[in-house]
Amino acid sequence: MQIRLLPITVLFLISFYSFSIAQGLQLKQNTVESRTFALLIGTDKYDGKPDWVDLNNPVYDAETVGAILEEDMGYNTEILRNPTSNQILSTLIRYHKVLKANDRFFLFVAGHGDYDDQIFDDGFIVAKDSKPLADDINRKTYISYNTLNSLINKLPAKQVLVVLDVCFSGSFNEKMKNYRSAYRLNIYDELEAVQFAERKLKLTTRSVITSGGLEPVLDGVKGHHSPFAYKFIEALRVLPSQKSVITGSDLYSYVSRMESQPVVGHFGDHEPGADYILGVSNSKAGIVLKKEYTPSVEDFRSRSSVPTYALGKVYDLSNNELLPAKYYTQILSEPSFNELQESIGVYKNYPELTLKVEKVNIKGKEWYRLLTGGYNDRSYADKQLQSLKKKYPQDKHIQGAFIKSSQLPTDDNIELNEIYNTDLILQDFSGYGIQIFSDTSLVYSLTKARVYNDKQLGTPYIQKSHVKGKTYYRVILNHYATKEEAVKYQQYIKSHTEDINLKGAFLRTY
């Protein structure tokens, strides 16, 4: 895994005119049909080492986005894999001759980015042939955001969508660096799809969405997309099953759930109430793919029927059965599932709580317990409870919370010093990894491992160990054949995070 100096991702939405939308939506008879083009650029191989290390996912990201646009939305796609700066500029210039006024053009760029606030006050796309900065102080082998901005703005097509999955793309233009807008989402919610599209298509839009601030982020595990690309691809696949008209606002709403806190803004000739219309789709594939993603807390709360809980077992909020721990903190109990949902709605936003549900039978009546934690050491469980009570002195349920002993067997059935995946399947390899966490509770360590796995920070493994008479469960990221590879990852991850566990990461031999 590499650190990818990339997002702040930018969605740069430029003005457009009316057109007939694909997949069945018909506008007025005099609407002009537009052609659709997509240029996808991914760079994961770089000549400019040591400044620009190779990445894992940009080409894969570009290919995946391109496949969705081509297969599901009918775009004519072109992919540039590891192009030089001249190839990028020459290809964009060629589209000035290809595109017509009513066409739609989608540009996706993934790879390294850079920002210079000392001399140029501009951001840059790093191309395959971009030289180390010491050898190119004038940045002649880079593509500045100012150049890219101008080149795109002059394209003949009135409808252009640009997605920059590169670092520091929040500096794409001056307004973007200093502007946060109150983007009005879904202001025409009550309109029929055709009316909605017709109104939006009459307005000029120049909008920008960034994935966060001016900071580098992780590239992600090889073959699993960058964190932002993963979420953006998920939006392209899931939104067609949810919306009749897919807009830039919808894309922003979907990616805005990321921890990097995306920002939306406008620039240039943007008109109030304008929005980019990506298209219309009621794809069956979107419905199928949506089921593959882990349900959110909101999904859990909105289910019309009560999930099937076995008595006495513990579940997370996505209805996954968890391995039992010896001790939990019980926050409250409710006599019905509807009341449990209400309590979850209150406590799901408490950052210290990892909520769990247990269904029990008390004197012939079913109750739902809302739990947090999951510990094998009673003294540690007590310490965590006291910390919660100190932080929330006005919360009556937390003040009344208590440690509950589990009645379920807690034998983990895993061997000392062996390596297991998060499904507790024994792994047959040796080498090096990066330890980021350990706890006396297997349940808690597994919860932490899944958190880091969801963040695309690496493949987590579990190792059971005995230290000074106590049993600990280590969370170790990734598997490397050589010490050099592991040390390289360790150095990168420690220098590009504020996470206390990652900052304390250290080398571990399997």
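**Figure 1. Helix H14 lies across strands S21, S23 and S24 in the predicted model.** Helix H14 comprises residues 483-495 and runs at about 100° to strand S23. Strand S21, one of the strands crossed by this helix, spans residues 432-439.

**Figure 2. Five strands form an open sheet in the order S20-S22-S23-S21-S24.** The pairing in this sheet is antiparallel. The edges are occupied by strand S20 (419-420) and strand S24 (506-509); each has a single partner strand, so one side of each is left without a neighbour in the sheet. In general, the strands of a sheet are joined by backbone hydrogen bonds, in a parallel or an antiparallel arrangement.

**Figure 3. Strands S22 and S23 pair in the antiparallel sense over 8 bridges.** Strand S22 covers residues 460-467, and strand S23 covers residues 470-480. Val 467 has Lys 470 of S23 as its bridge partner.

**Figure 4. Strand S21 is largely enclosed by the rest of the structure.** This description rests on burial: 6 of the 8 residues of S21 are buried, where buried denotes a relative accessible area under 20%. Strand S21 pairs with S23 in the antiparallel sense over 6 bridges, and Ser 438 stands opposite Arg 474 in S23. Strand S21 also pairs with S24, again in the antiparallel sense, over 4 bridges. Here Gly 433 stands opposite Arg 508 in S24.

**Figure 5. The axes of helices H1 and H6 come within 10 Å and cross at roughly 10°.** Helix H1 consists of residues 58-73, and helix H6 consists of residues 227-238. Because angles under 35 degrees count as roughly parallel, H1 is described as roughly parallel to H6. On the H1 side, the contact is made by Asp 61, Thr 64, Val 65, Ile 68 and Met 73. Helix H6 contributes Ala 229, Phe 232, Ile 233, Leu 236 and Arg 237. By class, the residues of the contact of H1 with H6 comprise 7 nonpolar, 1 polar and 2 charged.

**Figure 6. Ser 85 of helix H2 is shown with the residues that it touches.** Helix H2 spans residues 85-98. The relative accessible area of Ser 85 is 9%, so this residue is classed as buried. When residues up to four places away in sequence are not counted, Ser 85 touches Ala 127, Asp 129, Thr 141 and Ile 143.

Key:
Residues are numbered from 1 along each chain as its sequence is written. This is a predicted model: local features need pLDDT of at least 70, side-chain atom pairs count only at pLDDT 80 or more; totals for chains, interfaces and linings use all residues. Side-chain values use heavy atoms; hydrogens and water are left out. Two strands pair if DSSP finds at least two bridges between them. Helices (H or I, at least four residues) and strands (E, at least two) are DSSP runs, numbered from the N terminus. Contact means heavy atoms within 4.5 Å. Axes are lines fitted to C-alpha atoms, for helices over the stretch in contact, and angles run from 0 to 180 degrees between N-to-C directions. Buried means under 20% relative accessible area, exposed over 50%, partly exposed in between (1.4 Å probe, protein chains only). Angles under 35 degrees count as roughly parallel, over 145 as roughly antiparallel, 65 to 115 as roughly perpendicular and the rest as oblique. Ala, Val, Leu, Ile, Met, Phe, Trp, Tyr, Cys and Pro count as nonpolar, Asp, Glu, Lys and Arg as charged, and the others, Gly among them, as polar.
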